[in-house]
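Subject: Structure handover

Hi,

Here is the structure I said I would pass on. Have a look at it first, then read on for what turned up in it.

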Amino acid sequence: MLKAHAIAGLLAFALVATQAASAAEEGTAALGRALFERDWVTAPGSADASGGLGPLYAARSCAGCHAGPALSGRFTEAPERRIASRGLVLRFADGAGNPDPFYGHALQSQAAAGLTPEGRAVLTASADALRGYVLSLHLAHGALGDETRQSPRLAPALLGRAALERIDTAAVMARADPDDRDGDGISGRAAMIVTDSGEVLGRYGWKAEIATLKEQIADAFALDMGLSSTRRPRLQGDCTPRQTACLASAQSASSPGDHEITEAAIVSVAAYLESLPLREPPSDETAGARLFTEIGCAACHVPRLRTQDGQTVASFTDLLLHDMGPDLDDGVGAPGVASSEWRTAPLVAMQPIGGRRYLHDGRAATIDAAIRAHAGEAAAARARYGALSEAERDSLAAFVSAL
Ligand code: HEC
Ligand code: HEC
């Protein structure tokens, strides 16, 4: 009897402890959501601790770029064929990933009082559905460096993205085939990032340049909003040594050693992204699902990958880099990643609603246009798609948009 009581007591204790742990997680996620949605301000030391934005920045909040049902970038039509974009960042670099000597890693279209924003990008709808739009760049401080190229990057959907971190590195490496030994025309390559503790697999960003969710979050705070953290200690965000007014403004606004974003804040935002709900994936018995595998989409958009703890993540990516051909090559590389290479985009939260766009630069307004822009290693799959009947193409697109 005594023994049974003791076990019941232990069980009750364990139950209370798990409930407390999940309540704490929920609390952290709720705090993370508030930080994700918070509009930061440039004024230093403001009462609610939301100061420190800038001096140069692209948006005031994560939600300013990741919005709508998928928490993604989106486009809306504006008068005179203009496109109003949300969450479109203009990255600057040369083929090896070196930033522009003056403007840095990205166009910062907003600035603290007294400073001039770097410029603005104007988007005009193009009659060519495969191009989507034409971008004209108006810079405030003269031309880009001779080697600098521009890469518009759309804020990806965030539903399900936290799970990419749990995918087993070995499962990704097992699919890599850099020299195309199996001769299928697809030679996926793992994006390896050199860190102090050795090489790690890159998982985040359109070029898989970033290894972990927390690094990605710290990067967003630093580069897109000019908010420093222990992971990204530069107070001046993306302003370069040549941007003297920005440097002076960053120094006068903060004291050295101060970080605007604590590690606890980064942990909370990660917990929020982890908590985002996902839809049930559609049945893999439909005609569209079968076509997806038959014509070779699943060779890169691998439906499920295993995690270290024996579960699976259904994000329709192999997390590998693929050469996608000249049309998707914008001349902007990253360290160890060629300008023509892109991470197989996870296919999650794909519904074409709320101004959702596709591909790294948001050029495609429909799933069909996104597929037709595939080339390079995906040329054979695209050709097989082109050879389908209209009804088959529709059922494939319906399957993808239900993911
Ligand atoms: C100015 C717009 C902008 C802001 C602000 C912004 N993001 Fe992003 N986000 C992007 C873009 C663009 C990318 C893709 C970057 C790339 O690959 O070059 C991205 C990528 C990401 C990714 C990686 C997704 C993937 O599939 O790999 C995560 C996660 C993310 N952002 C979270 C955040 C969080 C959290 C914040 C706030 C701290 C934030 N972002 C703020 C535009 C923004
Ligand atoms: C060789 C690998 C490969 C194959 C095969 C492939 N894709 Fe992709 N897919 C990619 C890569 C890489 C991207 C990201 C390209 C970019 O943004 O520039 C992508 C992007 C996409 C997108 C846009 C996702 C988004 O969120 O913007 C869709 C939709 C898509 N693929 C569907 C398909 C379908 C359907 C097929 C089969 C007809 C297919 N893909 C075959 C590698 C592949």
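A word on terms before the tour: the helices and strands below are DSSP runs, with at least four residues for a helix and at least two for a strand, numbered from the N terminus. Also bear in mind that this is a predicted model.

**The cavity**

I'd start with the enclosed space. The count comes to 1 cavity of 30 Å³ or more, and the largest cavity holds about 650 Å³ of space. Its lining is made up of 37 residues. If you want to centre your view on it, go to His-301, Ala-345, Leu-347, Leu-359 and His-374, which lie nearest the centre of the cavity.

Which elements each supply at least two residues of that lining? They are strand S14 (341–343), helix H7 (367–372) and helix H8 (379–386). As for chemistry, the lining has 25 nonpolar residues, along with 6 polar and 6 charged ones.

**The second largest pocket**

Then there is an open site to look at. The second largest pocket has a volume of about 550 Å³, and 31 residues line it. Nearest its centre you'll find Gly-160, Leu-278, Arg-279, Ala-314 and Val-348. Helix H5 (263–275) and strand S12 (312–313) each give at least two residues to this lining. Sorted by class, the lining of the second largest pocket comes out as 18 nonpolar, 6 polar and 7 charged residues.

**The iron and its loop**

One for your parameter files: the iron atom of ligand 1 has a single donor from the protein. That donor is NE2 of His-66, at 2.1 Å. Where is His-66 found? It sits in the loop between strand S1 (56–57) and strand S2 (74–77).

Leu-71 belongs to the loop between S1 and S2 as well. Leu-71 is not a glycine, yet it has a positive phi of about 50°.

Just before S1 there is something else to check in your setup. The peptide bond from Gly-54 to Pro-55 is cis, with omega near 10°. Pro-55 lies in the loop between helix H1 (2–37) and S1.

**Strands**

S2 also takes part in an open sheet of 4 strands, in the order S2-S3-S6-S7 and with antiparallel pairing. S2 and strand S7 (133–139) are the edge strands, each pairing on one side only. On average, neighbouring strands of this sheet are turned by 35° against each other, direction ignored. Within the sheet, strand S6 (residues 119–125) pairs with S7 in the antiparallel sense over 7 bridges, and Leu-123 stands opposite Leu-135 in S7.

There is a hairpin too, which joins S9 to S10 through 2 residues. Strand S9 (residues 192–195) and strand S10 (residues 198–201) run antiparallel, with 4 bridges between them. One example is Met-192, whose bridge partner in S10 is Leu-201.

**The disulfide**

Last item: how many disulfides are there? The count is 1. Cys-239 and Cys-246 form it, with their sulfur atoms 2.5 Å apart. Keep in mind that the cut-off for calling a disulfide is a pair of cysteine sulfur atoms within 2.5 Å. The link of Cys-239 and Cys-246 is left-handed, with -100° about the S-S bond. A disulfide is a covalent bond between the sulfur atoms of two cysteines.

That's the lot from me. Shout if anything looks odd on your side.

Cheers

Note on methods:
Residues numbered from 1 in each chain as written. Chains lettered and ligands numbered in written order. Predicted model: local features only at pLDDT ≥ 70, side-chain atom pairs only at ≥ 80, totals over all residues. Heavy atoms only, no water. 1 Å grid on protein atoms, 1.4 Å probe; cavity = no way out; pocket = protein on both sides within 12 Å on 5 of 7 lines; lining within 4 Å. Points joined across faces, edges and corners; volume = space filled by probe spheres on them. Nonpolar A, V, L, I, M, F, W, Y, C, P; charged D, E, K, R; others polar. Donors = N, O, S within 2.8 Å, 3.2 Å for Na, K, Ca; no water. Pairing = 2+ DSSP bridges. Axes fitted to C-alpha atoms, helices over the stretch in contact; angles between N-to-C directions.
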